[in-house]
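Colleague: Please take one part of this model and go through it closely. I'd like a connected account rather than a list, with the surroundings for context.

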Amino acid sequence: MDLTAAKKTEASGGSEAVTELAFSELISQLLSFRNQLEDAWRGVERTLPALPSDNRLSAENLVHYLALRRNDIRDLQKYLARHGMSSLGRSESHVMWNITKVIELLYRLSGTDVQTTISADAGPRKEGSEILRSRTEALLGPRPENRNVWIMVTLPTEAGDDYDLVRDLILSGMNCARVNCAHDNAHVWKRMIDNVVRARKETGKDCLVVADIAGPKLRTGLFAPGPRVIKIRPKRNIFGEVVIPALVWITDTETPRRPPIAGAPELHFPSTFLGHVGEGSKLRFVDARGSKRQLTLRKTVDGAFWGEAAKTAYIVPQTVFSIKHPVSGHDLTSKADGIPPSEQSALVRKGDTVLLVRDKLGLPATILDDGTLAEPATIPCTLPEVFSKVRPGEPIWFDDGKVGGIIESTDRDLLTVRVTHAGPKGQRLAADKGINLPDTDLQLPALTSKDREDLKFIVDNADIVGYSFVNSAADLENLRTELNRLGGKDLGIILKIETKSAFERLPELLLSSLESRAVGVMIARGDLAVECGFERLAEVQEEILWMCEAAHIPVIWATQVLEQLSKKGIYSRAEITDAAMSERAECVMLNKGPFITDAVRTLDNILVRMEPHQQKKRSMMRPLKIAENFFRAINTRLNSNNL
């Protein structure tokens, strides 16, 4: 709309005639928009199945919003705001109603009778926020007691054995427990879910179970096993004094007991050898470097031991351990089992060439003493289908964007990649790291054979299924068909938007999702940032929020929320701000970590504090303490000076 002349006149003083003219032009433009929206819906409606009334209203509103966003209305918004009217910038949930009310107001301001067809065409308004709230509760369960935003937590493997952890998460504010079926197995998942069910009963708090199917996730495959060696190292203070000894879990070979600390190094000895040791015994050995070392044993309640070492040691299968026989005084010796192969990885540097291979184990690069790359690293790929899809010149990213490159050549079993992005000292690539091909049309089915098998478990044990790597309405229909076949048609569905393709097809996904009983959208910011570009992530995130609000569909804000706090026990200023902004979604997801319970408590606190200030992206002007203090100080000053 061209309002240039009116704006120039206003700047020089303005006149009633010009204002009336501007109002007339505004009415004309807004009526044109209304016609565009109605035409757009008439066209789309014919392609949609019959929908329940609320779902039809949501579909219509989404189409209206998309039609409006085809126009550049920034000048119009500024003009409306200057005259104290709605700028349409907060109309996502009720587009046609908002435009109609602005037209009515303009008619009245210009002294013109409101056209009787205007209000009638708008129909009765049902708050989009009411529909959204109802859909959120249908998907995620009853609204939390003290806030309007739900908290979802990815359960770690330990949640299968640690009931107290699950109970504490629920007491701290977890409303949805997420099980990632890309990891562990059905036995572990069942123990996790059983603990959730038990904690729900004990605490009396609601907590639904979300189970994500893995989908066709493209990842780095296994590397060739490295040498069998365990490195143990004590923690020292700044003066080099040992503050925490190195720990090794020592158990018998015949019936090995699991260490209470996940990932702790283990040594297994025959029971004939361990039968002669006890609390305070010292296992002496010469490590792989020829250094004399010893482990002081501390007995545990289950008969195993913690071995404590005050010096760094490297233990290999050939290492011989000795101990004095308690009666004869002779040395008893034994070698240890339980030393696994070390996990290898490939150091990748900017400018290097790496080879992406299939059906082979990965190998690190061979680098000469002068730093020259003699043999490139080989990186295995878990999905062989990609080798026939990619083309030279297309970008490729590894490990959530830590390493990036360009595909230089392709073969049936080999892709040659030139690394263009890596840390200044290089970046290590290990097994099971994500691979993204944002410009490659992979055309992979969203449901894999593993997913179909996992869905049998999910239907019997979960409340919601998370749909990974969904890209189209056809993908969603395939999932619904499979759920119906398995008797899970009432399961909630979360569409994980984690590819460029899914984002670009979001409108069709949202329209299709309105056929489901309960559905939500997850902004999977990890993969999405790599797929769409880190610089575009904020923009893409906003657009997803806008479109989902227009469709009255709840959003889950995910990936790296309070990640440093969850993993390291400390938080950064940036992630606190990010967590505060997550209040604009209906649900926020936290990933697992050693300090996940602290992260849940912190997020709960942040969300409770932010809700009085902000609802979605609307600023809520509650009374501010700083404003009250300011005016109190002003009044005190005026009274003291008798002014």
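**The second largest pocket**

Modeller: Strand 24 (435–436) and helix 13 (500–504) are the elements that each put at least two residues into the lining of the second largest pocket; helices here are DSSP H or I runs of at least four residues and strands are E runs of at least two, numbered from the N terminus. Keep in mind that this is a predicted model, with local features needing pLDDT of at least 70 and side-chain atom pairs pLDDT 80 or more, while totals for chains, interfaces and linings use all residues. Residues are numbered from 1 along each chain as its sequence is written, and side-chain values use heavy atoms, leaving out hydrogens and water.

Helix 13 is the top contributor to this lining, with 3 residues. The pocket itself holds about 500 Å³ of space. Its lining runs to 23 residues, and Thr440, Leu442, Asn471, Thr499 and Ser501 sit closest to the centre. (A pocket is an open set of points on a 1 Å grid where a 1.4 Å probe fits, with protein on both sides within 12 Å along at least five of seven lines; lining residues have an atom within 4 Å of a point.) Sort those lining residues by type and you get 9 nonpolar, 7 polar and 7 charged.

For context, look across to the largest pocket, at about 1,300 Å³. That one is lined by 42 residues, and Arg219, Asp400, Thr559, Glu563 and Asn591 are the ones nearest its centre. Strand 2 (176–180), strand 3 (208–213), strand 27 (519–524), helix 15 (525–532) and helix 17 (563–568) are the elements giving two or more residues to it. Helix 15 has the largest share there, 5 residues. By type, the lining of the largest pocket splits into 17 charged, 14 nonpolar and 11 polar residues.

Zooming out, the protein chain carries 20 helices and 31 strands. Its C-alpha trace spans about 110 × 75 × 55 Å along the principal axes. Of its 643 residues, 47% count as buried, that is, under 20% relative accessible area with a 1.4 Å probe.

One more element, if you're scrolling around: helix 8 (residues 163–172) has Tyr163, Leu165, Val166, Leu169, Ile170 and Ser172 as its buried residues. Right after helix 8 comes glycine 173, with a positive phi near 135 degrees.

Key
Buried means under 20% relative accessible area, exposed over 50%, partly exposed in between (1.4 Å probe, protein chains only). Grid points are joined across faces, edges and corners, and a volume is the space filled by probe spheres set on the points. Ala, Val, Leu, Ile, Met, Phe, Trp, Tyr, Cys and Pro count as nonpolar, Asp, Glu, Lys and Arg as charged, and the others, Gly among them, as polar.
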